[in-house]
There are 2 protein chains.
Amino acid sequence: MNELDVALICKALGDANRLEIVKMLSDGEKCGCRLLERFSITQPTLSHHMKTLVDCGLVNDRKQGKWHYYSLNPEALSFLRTFLDELVCKEPTEGKGGCCQ
Amino acid sequence: MNELDVALICKALGDANRLEIVKMLSDGEKCGCRLLERFSITQPTLSHHMKTLVDCGLVNDRKQGKWHYYSLNPEALSFLRTFLDELVCKEPTEGKGGCCQ
DNA sequence: CACATACATAGATATTTGTCAATATAAAAG
DNA sequence: CTTTTATATTGACAAATATCTATGTATGTG
């Protein structure tokens, strides 16, 4: 896995289908064919989305036989969570008197 | 503010410039002109990005005089954080024997 | 009022993205 | 070896997106 990147991960989560895939994976590891059943997209489209999710590090891909088992990568989730935690507004500067005071 | 939507928020965070804007706002409320100084984009482009960030609920917009003061919306951040927490893999089903067992 | 500053809107454009159909690859089954 | 199943790749295309220039609007200033 490459280095985790907040923007890439968020971009991956910014698609309704991929978000749904991630939700399904939160219930446990699943293979592609099973994921495909739940969507009204074609197999190549799912394959494309899975590549996006794997490439950004959000999803792990375990190959066994002819199946690919996908699962969430906890490291990526905690990485994103840490980023959010760091976003807490430390000291809001109430700019009441002028520009950016 | 409309209802918070994970995909919309993530899509907003999935752009390098907007992510940088959000990081800047984590340091406290700032006006548009100040944000603009830090980027090599034009003012209309910044305006467009701010609209994206405000529309998804991630950023608040407080108008005072001719300035717009932008700040992070803590509710949106905790909303996203809650979503991430719910993604914790509850019971990984090790599918060692076949498809999705 | 005329001008400057901060921001928004409109229109254009190049790039990215989500999607599909067609095809290829890989592995298991018969 | 042939067929089936699971997944990937390729090429095409429409829609969305990021960006710009030009212009409009709103607010404050001289």
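Against which elements of chain B do the buried residues of α4(B) pack? The model examined here is a predicted one, in which local features need pLDDT of at least 70 and side-chain atom pairs count only at pLDDT 80 or more, while totals for chains, interfaces and linings use all residues. Residues are numbered from 1 along each chain as its sequence is written, chains are lettered from A and ligands numbered from 1 in the order in which they are written, and side-chain values use heavy atoms, with hydrogens and water left out.

To take the opening question head-on, the buried residues of α4(B) pack against α1 (6–13), α2, α3 (32–37), β2 (59–64) and β3 (67–72) of chain B. Contact here means heavy atoms within 4.5 Å, and helices (H or I, at least four residues) and strands (E, at least two) are DSSP runs numbered from the N terminus. The residues in question are L46(B), H49(B), M50(B) and L53(B). They cover an arc of only 100° around the axis, which puts them on the same side of α4(B); the arc is that of the directions from the helix axis to the C-beta atoms. On the other side of the helix sit P44(B) and K51(B), both exposed. Buried means under 20% relative accessible area and exposed over 50%, with partly exposed in between (1.4 Å probe, protein chains only). With its 13 residues, α4(B) reaches 18 Å from first C-alpha to last, close to the 18 Å expected at 1.5 Å a residue, the expected span being 1.5 Å times one less than the number of residues. After the helix comes G57(B), with a positive phi near 90°.

α4(B) also turns up at the DNA: it gives the most to the surface near strand D, with 4 residues. A residue is near a strand if one of its heavy atoms lies within 4 Å of it. Of the 24 residues around strand D, C33(A), Q43(A), S47(A), T45(B) and H49(B) come nearest, so to speak a cast drawn from both chains. By class, this surface divides into 7 nonpolar, 11 polar and 6 charged residues, where Ala, Val, Leu, Ile, Met, Phe, Trp, Tyr, Cys and Pro count as nonpolar, Asp, Glu, Lys and Arg as charged, and the others, Gly among them, as polar. Sugar or phosphate supplies 68% of the strand D atoms within 4 Å of the protein, and bases supply the rest. One base contact involves Q43(A), with a polar side-chain atom 2.8 Å from a base nitrogen of strand D. Phosphate oxygens of strand D lie 2.7 Å from a polar side-chain atom of T45(B) and 3.3 Å from one of K11(B). A polar contact is a pair of N or O atoms within 3.5 Å; within protein, one must be able to donate a hydrogen and the other to accept it, and residues adjacent in sequence count only if both atoms are side-chain atoms.

On to DNA strand C. Here T45(A), H49(A), C33(B), Q43(B) and S47(B) come nearest among the 24 residues around the strand, and sugar and phosphate make up 71% of the strand C atoms within 4 Å of the protein. α4(A) gives the most to this surface, with 4 residues. Phosphate oxygens of strand C lie 2.8 Å from a polar side-chain atom of T45(A), 3.0 Å from a side-chain N or O atom of N17(A) and 2.9 Å from a polar backbone atom of H68(B).

N17(A) has a further partner at the start of α2(A), where a side-chain oxygen of D15(A) reaches to within 3.0 Å of the backbone nitrogen of N17(A). As for chain A overall, there are 5 helices and 3 strands, running α-α-β-α-α-β-β-α from the N terminus, and 44% of the 101 residues count as buried.
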